[in-house]
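Student: I'm new to this one and would like a close look at a single part. Could you pick a spot and walk me through what surrounds it?

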Amino acid sequence: MPPGAHSPGDWSPNAFSMAALKILIIPGSLRNGSHSAKLAMAAAYEFAQADVEVTRISLADFPLPIYDGDLQARSGVPINAVNLKRMIGAHHGVLIVTPEYNSSVPALVKNTIDWITRVQDPHETRGQVFRDKPFAIAAASQSRLGGIRALAALRLILSACHATVIPNQLALSFADEAYDDMDRLKKEADIEAMKGLVRQLIEVSQRMM
Ligand SMILES: Cc1cc2nc3c(=O)[nH]c(=O)nc-3n(C[C@H](O)[C@H](O)[C@H](O)COP(=O)(O)O)c2cc1C
């Protein structure tokens, strides 16, 4: 048996956890044909190649009002924020793929994070879900900068939530020319950057399991 391999009867924690790694991918755009959603799909493909179980969601399925403290006081945290928080909690790592709007993250991404930080499950401190697992960040933009300023903003926001944000990140430049007609990344440099991001999120997620 090769080094590091496990027999079917091997139930050591490492053997179990290696098989069960789960990554959640969240695209930060609702738009049909979104470059961020396509990049999320390309990431899902790379995770699947590494035998990782991937959940790729759309925030369209978790609509949330703009955060309002009065609304929270009146009605509590919306169930969609609670469900998103629990979905993050059920995975070992998270990849957020964001567009860049006016040099920062879109309101959709910030508002979603804001609501999730307000979820307080029993026996947990508020925001604990961000501390327990690593986050990776990627952006896609038609511009040459590839959404790098949105990544800086997103890294700051997640770090302020005490998340571990892995050092590797991907800013996909010229996103309108980056995919082939099957929506796969076509440039070698982009593919390599994606592989590096995926590899590092897997490594850190396994370490933090
Ligand atoms: C309100 C708004 C602001 C934008 N600002 C930026 C920007 O600062 N930098 C950038 O690279 N692209 C900017 N764009 C272009 C987006 O990157 C582009 O629309 C992108 O396709 C959106 O992501 P999506 O394809 O995932 O929906 C902006 C687009 C909108 C609608």
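Tutor: Sure, and one term comes first: a residue counts as buried when its relative accessible area is under 20%, and as exposed when that value is over 50%. Keep in mind that this is a predicted model. Now take the ligand site, with a stop at Gln200 on the way. Gln200 sits in helix α8, which covers residues 188–208. Its relative accessible area is 17%, so Gln200 is buried. Leaving aside residues up to four places away in sequence, Gln200 touches Ile166, Pro167 and Asn168. With Asn168 there is a polar link as well: the side chain of Gln200 comes to 2.7 Å from the backbone nitrogen of Asn168.

On to the ligand. It has 14 residues around it, and the closest are Ser29, Ser34, Ser36, Glu100 and Ser141. Sorted by class, that shell holds nine polar, three charged and two nonpolar residues. Some of the contacts can be followed atom by atom. In Ser141, an N or O atom of the side chain is 2.6 Å from an oxygen atom of the ligand. Arg31 also uses its side chain, placing a polar atom 2.7 Å from a ligand oxygen. His35 takes part through its backbone instead, with an N or O atom 2.8 Å from an oxygen atom of the ligand. As for how much gets covered, the ligand on its own has 610 Å² of accessible area, and the protein covers 71% of that.

Technical notes
Residues are numbered from 1 along each chain as its sequence is written. This is a predicted model: local features need pLDDT of at least 70, side-chain atom pairs count only at pLDDT 80 or more; totals for chains, interfaces and linings use all residues. Side-chain values use heavy atoms; hydrogens and water are left out. Helices (H or I, at least four residues) and strands (E, at least two) are DSSP runs, numbered from the N terminus. Buried means under 20% relative accessible area, exposed over 50%, partly exposed in between (1.4 Å probe, protein chains only). A polar contact is a pair of N or O atoms within 3.5 Å; within protein, one must be able to donate a hydrogen and the other to accept it, and residues adjacent in sequence count only if both atoms are side-chain atoms. Contact means heavy atoms within 4.5 Å. A residue is near a molecule or strand if one of its heavy atoms lies within 4 Å of it. Accessible areas come from the Shrake-Rupley method with a 1.4 Å probe; for residues, only the protein chains shown count as cover. Ala, Val, Leu, Ile, Met, Phe, Trp, Tyr, Cys and Pro count as nonpolar, Asp, Glu, Lys and Arg as charged, and the others, Gly among them, as polar.
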